[in-house]
Amino acid sequence: MDNILNQIGIENYIFLSILLFCIGVFGVLYRRNAIIVFMSIEIMLNAVNLLFVAFSTYHQDPKGQVFVFFSMTVAAAEVAVGLAILVSVFRNIGSVDISNLKNLKG
Amino acid sequence: MDNSLVLLLLLTPFVGFLFNVFLGKKAGKGISGALGTLAVVVSFAMSVYFFMQLNASGKPIAIKLLDWIQIGNLKVDFGILLDQLSLLWLLFVTGIGSLIHLYSISYMHDDENMHKFFAYLNLFVFFMITLVVGSNLLVMFIGWEGVGLCSYLLIGFWHKNQEYNDAAKKAFIMNRIGDLGFLIGIFILASLFSTLNFVEMKQALSAGNTNTALYSIAALCLFIGATGKSAQLPLYTWLPDAMAGPTPVSALIHAATMVTAGIFMITRMNFLFDVTPEVQNIIAIVGAITALVAASIGLFQNDIKKVLAYSTVSQLGLMFLALGLGAYNVAVFHVITHAFFKACLFLGSGSVIHALHGEQDMRKMGGLRKAMPITFATMLISTLAIAGIFPFAGFWSKDEILMVAFEHNKGLWIMGSIASIMTAFYMFRLMYLTFFRDFRGTEEQKHHLHESPSLITWPLIILAALATFGGLINLPGSNWLNHFLEPILARKHEEHALGSQEYMLMGIALTGAIIGIGWAYSKYIKEGFVPKQDSEIVGFSKTIYHKYYVDEFYMSLILKPLNALSNFFRTTLEPALGNIVYGLGTVANGLGNQGKKVQTGSIGLYLFAFVIGVLALVSYLFLGQ
């Protein structure tokens, strides 16, 4: 089987990755709902993962794919902790709108 | 075997100290005193054992207890050196120490803090042993500082009296000035030799490479240290004030042992002083002047202990005179005999003070001869010894010093001789005022006059015997001490052939002493003269009575400016510095208050800032290069 990159081309992966990352960034910046913000962060993370895998295949080097496994595991753990925090926030103030989280004011 | 015995010698007084500090009060006065004394007696027994061993083998014992300091090529061990010099010192420190501990059991019996007293005394003996047996200058310095501490503690033993506390502080601070010199001397020697071990320094010095200027500075610094500890001009003023302490302390620390530490140190370092003749000259001159000045002040003192204190300063001056002339063995000889008779004199005066319930003014004594025959007899023997009457111990040692002085410098000899005549005068003045004619105290005191108990009289008798026969260790002709000390002295001391000149000098010294005694006799026995009240003293004698106003001089020259300076620091400089530091704090606080406004608490804003920051970093990394 021919290399998948020959069919699509590395630059398309890069463009997709940048697009996903920017969507994530804007999601983080514009949305007020903490869960959405959280999801946007995940999108950014996965954009980077995608880039990793793409370049790994491009360079014929499996190290990148191994990295992705690690980062996905870590992301899973991070999601568990993050969601737990959000649940606890919701229990305390009855909302997950980040505009309401003003306790960090100096 | 030897190792553990040395440790026993060194540590028993320390164990006694620990016991008395922690358990002394509970154990009671009898046990506290007995154990305190026993600890020193054990050390004495060990000293005798090692002395015998050394006498038989002639080989010094050097023991390295542990590695201590290693910086660069400077290496200092915690080592012990038992040679001829340290064993001599050990013998009389622990020997006289034992007697004085024994004496103190009775003397301090009415004091509520007797356990504390014995704790301090034991600690003193421990540090004194450390000072003496140390194999290098740094170990010696530990002991040097330790005995200073104990001296401070014991001078201020009756701390409820503010004057006594002041005397203690004065002693400590005066010693500190000297210690600074000692320390600088140690530093210079450490940089010169890369070792502080006496034996190694001696070898290095005899190997050559003379850097005489630095040697002289080092020797001078060491001598400054010695002037502090051994109460020489200009740092002697603490010793007379140190008489505030209990009398056994004066006898042990301020007459027999601690104040001779300076002489010990200089004798230890004799190889260094031998190559620095200009420092030796300074030592000899300072010693002679001290002997003369202190003796002249002693002529007019009325406090029995003050007379003895000035006499101690004067005798120490004579020893320094001998050191300065390179006659270390003669100085050591006088240290030993002086320890015997001066300890006896102090303990005797303690016995008198004890009988009079604390009275120290000789104008209120008199006629005690019949009431206190043993004290009188022992003190008389010691007085004859210090006055230099044949054949008591002091005659031989003092005569040797004067003989050496006569050989080197007639001026110094004359100063020493005048000091000796004055010594004979004021010592017999003390005896006549205290023991002869009629009692001048109150009727009540007169009824209570009594001879002291045997715990007090026995040490007196033993010390008086030593003061009588102590001269035997170095009689002209046999010179046992000179031969004994030969291995530790760099330069061989030439023997005196007993020619007509020597006999003539002995005769002159003896005549001088008799003149002094006769002078005192005619004034205080024949005329029955009693020193006037303080206010009636006028003229030059008033100047001397007030100790040449040296204390006042130091007060106005050094203390007043220092006080003014510290006052300036307190009232002007400290607030100024404080305000600067305070101002810095205020500025930081204000900045923080402004910066706090950035922290709005809006997470959206934080995230925005975060993204901008990352973008800035990334663009810098990729575009900025």
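This report walks through a predicted model with two chains, A and B, starting with the smaller set of notes on chain A and then moving to the helix packing in chain B.

**Chain A**

Let's start with chain A. An unreviewed UniProt entry places the feature "transmembrane region" at residues 12-30, 35-55 and 67-90 of this chain. What does the model show in those places? Take residues 12-30 of chain A: the stretch is 100% helix and 0% strand, and its end C-alpha atoms are 27 Å apart. Residues 35-55 of chain A are likewise 100% helix and 0% strand, with 30 Å between the end C-alpha atoms.

There's also a backbone detail to look for in chain A. Q60(A) sits in the loop between α3 (34-58) and α4 (63-93). Its phi is near 55°, which is a positive value in a residue other than glycine.

**Where the chains touch**

How many residues does each chain bring to the contact? Chain B gives 10 residues and chain A gives 11 residues. On the chain B side, the residues touching chain A break down into four nonpolar, five polar and one charged.

**Chain B in outline**

The domain assignment splits out two pieces of chain B: domain 1 (330-532) and domain 2 (553-623). Measuring over C-alpha atoms is how their centres are taken, and 69 Å separate the centre of domain 1 of chain B from that of domain 2 of chain B.

UniProt, again in an unreviewed entry, puts the feature "domain: NADH-Ubiquinone oxidoreductase (complex I) chain 5 N-terminal" at residues 68-118 of chain B. In the model, that span is 57% helix and 25% strand, and its end C-alpha atoms lie 30 Å apart.

**Helix pairs in chain B**

Two packed helices are described by the angle between their axes and the distance between the axes. Here are three pairs from chain B.

| Helix pair | Angle | Axis distance |
|---|---|---|
| α4(B) (84-107) and α22(B) (454-469) | roughly 155° | within 7 Å |
| α18(B) (373-387) and α22(B) | about 25° | 9 Å |
| α15(B) (304-324) and α16(B) (328-355) | about 175° | 9 Å |

Helix α22(B) turns up in two of these rows, once with α4(B) and once with α18(B). Which way do its partners run? With an angle of roughly 155°, α4(B) and α22(B) are therefore roughly antiparallel to each other. Their crossing is left-handed. From α4(B), L99(B), I100(B), L102(B), Y103(B), I105(B), S106(B) and Y107(B) meet L455(B), I456(B), P459(B), I462(B) and L463(B) of α22(B). Sorted by class, that contact has 11 nonpolar residues, one polar residue and no charged ones.

The other partner, α18(B), is roughly parallel to α22(B), and this crossing is left-handed too. On the α18(B) side, the contact is made by I374(B), T375(B), T378(B), I381(B), S382(B) and A385(B). On the α22(B) side, T457(B), L460(B), I461(B), A464(B), A467(B) and T468(B) take part. The mix here is seven nonpolar, five polar and no charged residues.

The remaining pair in the table is α15(B) and α16(B), which are roughly antiparallel to each other. Among the residues that make this contact are K305(B), L308(B), Q315(B) and M319(B) from α15(B), and H334(B), H338(B), K342(B) and F346(B) from α16(B). By class, the contact divides into 13 nonpolar, five polar and two charged residues.

**Two cis peptide bonds**

Finally, have a look at two prolines in chain B. The peptide bond from L233(B) to P234(B) is cis, with omega near 0°. Where is P234(B)? In the loop between α9 (212-229) and α10 (238-241) of chain B. Another cis peptide bond joins F390(B) and P391(B), with omega about 0°. P391(B) is found in the loop between α18 and α19 (393-408) of chain B, and that α18 is the helix that packs against α22(B).

Conventions. Residues numbered from 1 in each chain as written. Chains lettered and ligands numbered in written order. Predicted model: local features only at pLDDT ≥ 70, side-chain atom pairs only at ≥ 80, totals over all residues. UniProt positions renumbered as here; feature names shortened; annotations may be inferred. Helix = DSSP H or I, 4+ residues; strand = E, 2+ residues; numbered from the N terminus. Domains from an automatic or database assignment. Contact = placed C-beta atoms within 7 Å. Nonpolar A, V, L, I, M, F, W, Y, C, P; charged D, E, K, R; others polar. Axes fitted to C-alpha atoms, helices over the stretch in contact; angles between N-to-C directions. Parallel < 35°, antiparallel > 145°, perpendicular 65-115°, else oblique. Left-handed = near helix turned anticlockwise from the far one by under 90°.
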